[in-house]
Amino acid sequence: MYNCEIELLLDTVEEYMLKSEDALKNSFAAIRTGKASPSLVEGLMIDYYGTSTRLRDIAGITTPEARLLVIQPWDAHAVAAIEKAILASNIGITPMSDGKTIKLPIPPLSQERRAALSKQAKGEAEDAKVSLRNIRREGNETAKKAEKDGNLTEDELKKMLDDIQKMTDRYIASFDALLAEKEKELMTV
C-alpha cells in the first residue's frame, strides 16, 4: 500500500511508473547492439581492493570508434580486476589489455545472437509491464481503501481509478515503443 495522502496518490503512482520506465531504459542500454556504448560495461561491479565498485566509478570509458570501447582505469592496479569482471559478465566480449588500458572490440552480431538479444529485450519489457500492473493494483487498492474509510466519494473513486488506468495505458504504450525501437536497433545490420 502507498503511504501517502489521497490527494497525492496519482502523483505517487506516476512517480513509481516513471521509475519503472527508467529501469527499462537502463536495462535496454545494457543490451549490446553491435555498436560500442559505454552503458554496455559501466554498470559492471569490480572487486576493487575488497570493495564492490561500479566500473564507471574507477575508470574512464570512451568509444574512439564505432566498434571499440576503451577503458582507462584511474588506478593501473585495477586493470586485472576489470578484465576479470568483464570475462565473468555475460556480454560476450574478450578484453585486450596493455597493462594500462583495456580495449573491447565489439564484434558484429550474428543473426542468432540478434534474435536472442531481441528475445531478452522482450522479456525485460514484459517484466517492466508486470511492474507497471503491480503499481496500478496498489494504487487502485489504496484508492478503494480511502473510499471505504470515507476520504473519497464514489464518484471521486471512479475518476481516480479511471485516471490510474489511463496512466497505465500511456506507460504501456511507451514501453511498447521503447521495445520496438530496441528491436529495430538490434535487427539493423
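In which order do the strands of the open sheet of 4 strands stand, and is their pairing parallel or antiparallel? In this predicted model, the open sheet has the order β3-β4-β6-β5, and its pairing is antiparallel. Because β3 (59-65) and β5 (96-97) stand at the edges with a single partner strand each, one side of each is left without a neighbour in the sheet. Strands of a sheet pair through backbone hydrogen bonds, either parallel or antiparallel.

At one of these edges, β5 is joined to β6 (residues 102-105) by 2 bridges, and the two strands run antiparallel. Within this part of the sheet, methionine 96 stands opposite lysine 103, which belongs to β6. Helix α3 (residues 79-88) packs on the sheet and touches β3, β4 (68-73), β5 and β6, while its direction makes about 20° with that of β6.

Another pair of strands is formed by β1 (residues 45-48) and β2 (residues 51-54), which pair in the antiparallel sense over 4 bridges. Aspartate 47 has serine 52, in β2, as its bridge partner. The hairpin of β1 and β2 has 2 residues between the strands, and in this hairpin tyrosine 49 takes a positive phi near 50°.

The two strand pairs with a stated number of bridges are set out here.

| Strand pair | Bridges | Residues that stand opposite |
|---|---|---|
| β1 and β2 | 4 bridges | aspartate 47 and serine 52 |
| β5 and β6 | 2 bridges | methionine 96 and lysine 103 |

Taken as a whole, the protein has 5 helices and 6 strands, and, read along the sequence, these elements follow the pattern α-β-β-α-β-β-α-β-β-α-α. Along its principal axes, the C-alpha trace spans about 70 × 40 × 25 Å. The radius of gyration of the protein is 22 Å, whereas a compact globule of 189 residues would have a value near 16 Å.

The protein also has pockets to consider, and the largest pocket holds about 380 Å³ of space. Its lining is made up of 21 residues, of which Ala29, Ala30, Ile31, Ser39 and Leu40 lie nearest the centre of the pocket. By class, this lining has 8 nonpolar, 7 polar and 6 charged residues. Helices α1 (9-29) and α4 (111-148) each supply at least two residues of the lining, and the largest share, 4 residues, comes from α4.

Terms used
Residues are numbered from 1 along each chain as its sequence is written. This is a predicted model: local features need pLDDT of at least 70, side-chain atom pairs count only at pLDDT 80 or more; totals for chains, interfaces and linings use all residues. Side-chain values use heavy atoms; hydrogens and water are left out. On a 1 Å grid over the protein atoms alone, a cavity is a set of points where a 1.4 Å probe fits but cannot get out, and a pocket is an open set with protein on both sides within 12 Å along at least five of seven lines; lining residues have an atom within 4 Å of a point. Grid points are joined across faces, edges and corners, and a volume is the space filled by probe spheres set on the points. Ala, Val, Leu, Ile, Met, Phe, Trp, Tyr, Cys and Pro count as nonpolar, Asp, Glu, Lys and Arg as charged, and the others, Gly among them, as polar. Two strands pair if DSSP finds at least two bridges between them. Contact means heavy atoms within 4.5 Å. Axes are lines fitted to C-alpha atoms, for helices over the stretch in contact, and angles run from 0 to 180 degrees between N-to-C directions. The radius of gyration is taken over C-alpha atoms; the globule rule is 2.2 Å times the number of residues to the power 0.38.
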